[in-house]
Amino acid sequence: MTARTLPHRPLLLRSAIAVALLTPALALAQEDEFTLDEPTTSPPDAEQLAELTQIRNTLEFGLGYISDDAVRFGRRRGFDEQGGYGVLRLEYLRRGPHDGASADYVRVRADDLGLRSREARVEFGRQGDYRVRIDYDQMPTRRGTVKTPFTGIGGNTLRLPADWVGGTSTAAMTRLLPSLGEAELEVERRRVGIGLARLLPGHWELSAGFRNEERDGLKSFGGLIGNTGGNPRAALLPEPIDYRTREFDAAARYAGRKTQFELRYHLSGFDNANTALTWQNPFAQIAGWAPGVGYPGGQGRAALPPDNRFHQASALGGWNVSARTRVTADIALGRMTQNDPFLPYTVNPVLAASIVQPLPRASLDGRIDTTVANLRISSRPHPRLHWAASYRYDDRDNRTPRDEYVYIGGDSQNQDASATSSRRRFNEPASFREQRLRVEAGWRIDGRTRLSGAIERRQTDRTYSVRERADEDLFSLSLQRGFGERVDASLTLSRADRSGSTYHGSEPFLSGYAPAYTATVPGQWDNPPGLRRWYLADRERERAQLRVNFTPTPRWTFGLDGSWADEDYTRSELGLTAARARALTLDAAFVPAEALSFHGFYSRETFDFDQTGASIRTATRLADAVDPARRWRARHRDEVDSAGLGVAFKPRPARYQLGADLLYARSDNAIDLTAGSALNVAALPPNTTRLDSLSLHGGLRLQGDWSVRLRYWYERYRSTDWALDGVAANQLANVILLAEDSPDYRAHVVAVSLVYRF
């Protein structure tokens, strides 16, 4: 059981790290906007107007150097290998003069062509008539180098070395460490798209687009062989990625003065070149496995993501009922299908010979019908009053057939087709329906004060779920106030309460197994009755957010942003019981002179999560479920600090420009674990992440249309993770690991480029 988080926590927790990671790149991107032109200090005359409306294209080319291989540093940036790289960027636009008769145009934009994170876009057409768009982008996502004893990496069949020595545990595998080879976990995405649009008389427009996306590389996969809580053995494996996704869109739009509507069709198809991953079992025969399952003859096999299709037709429209009232509505009908052939129950021939009840069908024949509809009416009946009401309906009707599968557990046992077998399982084609009604209104009390609020009711229905129906009511109130010309502030308060039908924690267990088997289980439950799933449990959520802007002088600006959130899972005895988040951000900007500016910020975020659980043994499950001595509690605390400081110097006339950005981020994670007297626990070490980043950038205008740009970027990243650091491939007795380490690197990037504007 793992702790669940606030629904908004990933965004908040990652925000500080994302800012620290991306701001240097953004600073470089902002530098690309430097024009290094002489300023215009008076209204333009006719000659100057012609100059201002003249198109200025940009070509940038140069060289850069990366000091070190740093996986995390280059994960999505393309800075993934030590050495040189090319700087190549183009912005090009050709069209007729602003006062000419021709409306034809061509626009080209290409960025980072010298890196693996490159993208390019070409668009041409005639304004008011048609346009054609072609685009391409590529992005690598690296996880890093791992170690594995398996060969055949990149294919869908993994084998062990010829001199492999099997064992019932990793300690007995004497050839494990000597056999380790390296594999690079990385997935590269390449996307090509084309779009067409044509304007027709009578306010009509037709458009169509196609996009092809390919992903290939390796990622990690947990391959398991075994069938009970005691005999499974596993190995982390490099899984081959060879995906292709094709998407097609077509639309017809009408845009009149009072009425607008659109008809659209969308098709998405996903294809995986690999249907399954097969691996040789590295473990020797284990008690509980059928004969022949262990090394060297035993194998495991698992299905990989199946091919699937999605079709959707939609219609949306808007109607200006009057100058003050507007109605919008849309509806989308879709169908998802998946019909890949099933794999056999087992890849091991000796186990396949024991099958007496075959697969009930050749494929899943999966189908989900989707319906999404929205209706909204908004109005401003009074200059000071505005209101809106909206309704949303989201239905996913799962039409997949329900069947009984007498599966073979983890390629390790003979098929057990007896009436009381725990291997008799039913698939659960779960459906989902959500309805949401929202009313909101705002009132301008005076020229400086505005009050707004909203009420929302959300009802969710699920099948094959521990809770068939969940109801949530949300209330929010916001006040905005200006205090003169120097101070303005806003405060938002909200509360949401979730409850619903009776929580039946045993529902998935009872509906997923054969009744003859569930009757043999004491208590007839799988998870303890007191356990609640955090996204379905009763919950009270309260939030507050305060924003204050203060401008004491034209040269100084200060901002304060604070947020607070509490979640109380009122009826959760086991599972996530409480969650809290606090965030405070201070920012400031100072412009002492026209050519010089400073900016900075500091942010502090904390997250606390309370989680409870129980350790339950099979033989005494009923007594253990209510025994306080077998309970445990974990308190998770995350703390994130981030700060940044930047300076920009742009003297006039703009012969040169300089800038710098300094960023710092640190996160600390600690888990405080306590347990009852019947359990033994040990303290978990804290995890820490720290990032330091410095970006320097400048530009100098040379003669004519030429200029030079200089960039320097330094990043130092340190992290500790007790689940990875120092953990060898044979650290665990029953699992072969990938021998990873948490990221720790120092990288320098230097780039010099020439810019030609024409």
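## Salt bridges, a mixed sheet and two unusual loops

D624 is buried, with a relative accessible area of 2%. In this predicted model, D624 is one partner in a salt bridge with R617, where the closest N and O atoms are 3.0 Å apart. R617, by contrast, counts as partly exposed at 44% relative accessibility, so the bridge joins a buried residue to a partly exposed one.

**Charged pairs**

The count of salt bridges in the model comes to 72. As general background, side chains of opposite charge can pair when their charged atoms come close. Three of the pairs are set out here with the distance between their closest N and O atoms.

| Salt bridge | Closest N and O atoms |
|---|---|
| R547 and D587 | 3.3 Å |
| R617 and D624 | 3.0 Å |
| D744 and R716 | 2.8 Å |

The salt bridge between R547 and D587 runs between two strands, since R547 lies in β23 (residues 539-553) and D587 in β25 (residues 575-593), so that the pair ties together parts that are 40 residues apart in sequence. Both ends of this bridge count as partly exposed, R547 with a relative accessible area of 25% and D587 at 24%.

D744 and R716 also form a salt bridge, with their closest N and O atoms 2.8 Å apart. This pair links distant parts of the chain, as D744 belongs to strand β32 and R716 to strand β30, and 28 residues separate them. Their surroundings are unlike: D744 counts as partly exposed at 49% relative accessibility, whereas R716 is buried, with a relative accessible area of 14%. Elsewhere, salt bridges that share partners join E60, R89, E91, R109, D111, R709 and R711 into one network.

**A nonpolar patch on the surface**

Strand β30 (residues 706-720) also holds W706, which is partly exposed, with a relative accessible area of 34%. W706 belongs to a nonpolar patch on the surface together with F61, L88, F649, Y656, L658, L700, L702 and L754, and the accessible area of these residues together is about 710 Å². W706 passes the limit of over 30% relative accessible area that patch residues must meet, because its own value is 34%.

**A three-stranded sheet**

Strands of a sheet pair through backbone hydrogen bonds, either parallel or antiparallel. One open sheet in the model has three strands in the order β6-β11-β12, and its pairing is mixed. The edge strands are β6 (157-158) and β12 (299-303), each of which pairs on one side only. Between β6 and β11 (residues 276-280) the pairing is in the parallel sense and extends over two bridges, and T157 has T278 in β11 as its bridge partner.

**Two features of the backbone, and a third**

Most residues other than glycine have a negative phi, and most peptide bonds are trans. In the loop between β11 and β12 lies P296, which is joined to Y295 by a cis peptide bond with an omega of about 10 degrees. D411, in the loop between β17 (404-406) and β18 (424-426), has a positive phi near 50 degrees although the residue is not a glycine; D411 is also buried, with a relative accessible area of 5%. A739 likewise has a positive phi, near 55 degrees, and is found in the loop between β31 (735-736) and β32 (744-757), but A739 counts as partly exposed at 22% relative accessibility.

**The surroundings of I225**

I225 is found in strand β8 (residues 204-225) and counts as buried, at 1% relative accessibility. Leaving out residues up to four places away in sequence, I225 touches a set of residues including N231, P232, R233, W279, Q299 and G300, as well as D411, the residue whose phi is positive. The C-alpha atoms of I225 and F283 are separated by 9.1 Å, although the two residues are 58 residues apart along the chain.

**The surroundings of Q82**

Q82 lies in the loop between β1 (58-66) and β2 (83-95) and is partly exposed, with a relative accessible area of 48%. Apart from neighbours within four places in sequence, Q82 is in contact with Y65, I66, S67, D68 and D69, and the side chain of Q82 reaches the backbone oxygen of S67 at 3.1 Å. The C-alpha atom of Q82 is 9.1 Å from that of A747, a residue 665 residues apart from Q82 along the chain.

Definitions and conventions. Residues numbered from 1 in each chain as written. Predicted model: local features only at pLDDT ≥ 70, side-chain atom pairs only at ≥ 80, totals over all residues. Heavy atoms only, no water. Pairing = 2+ DSSP bridges. Helix = DSSP H or I, 4+ residues; strand = E, 2+ residues; numbered from the N terminus. Patch = residues over 30% accessible without salt bridge, like charges linked within 9 Å, V, L, I, M, F, W, Y side chains within 5 Å. Areas by Shrake-Rupley, 256 points an atom, 1.4 Å probe, with all protein chains shown as cover. Salt bridge = Lys/Arg side-chain N within 4 Å of Asp/Glu carboxyl O. Buried < 20%, exposed > 50% of the residue type's maximum accessible area, 1.4 Å probe, protein only. Contact = heavy atoms within 4.5 Å. Polar contact = N/O pair within 3.5 Å; in protein donor to acceptor, adjacent residues only side chain to side chain.
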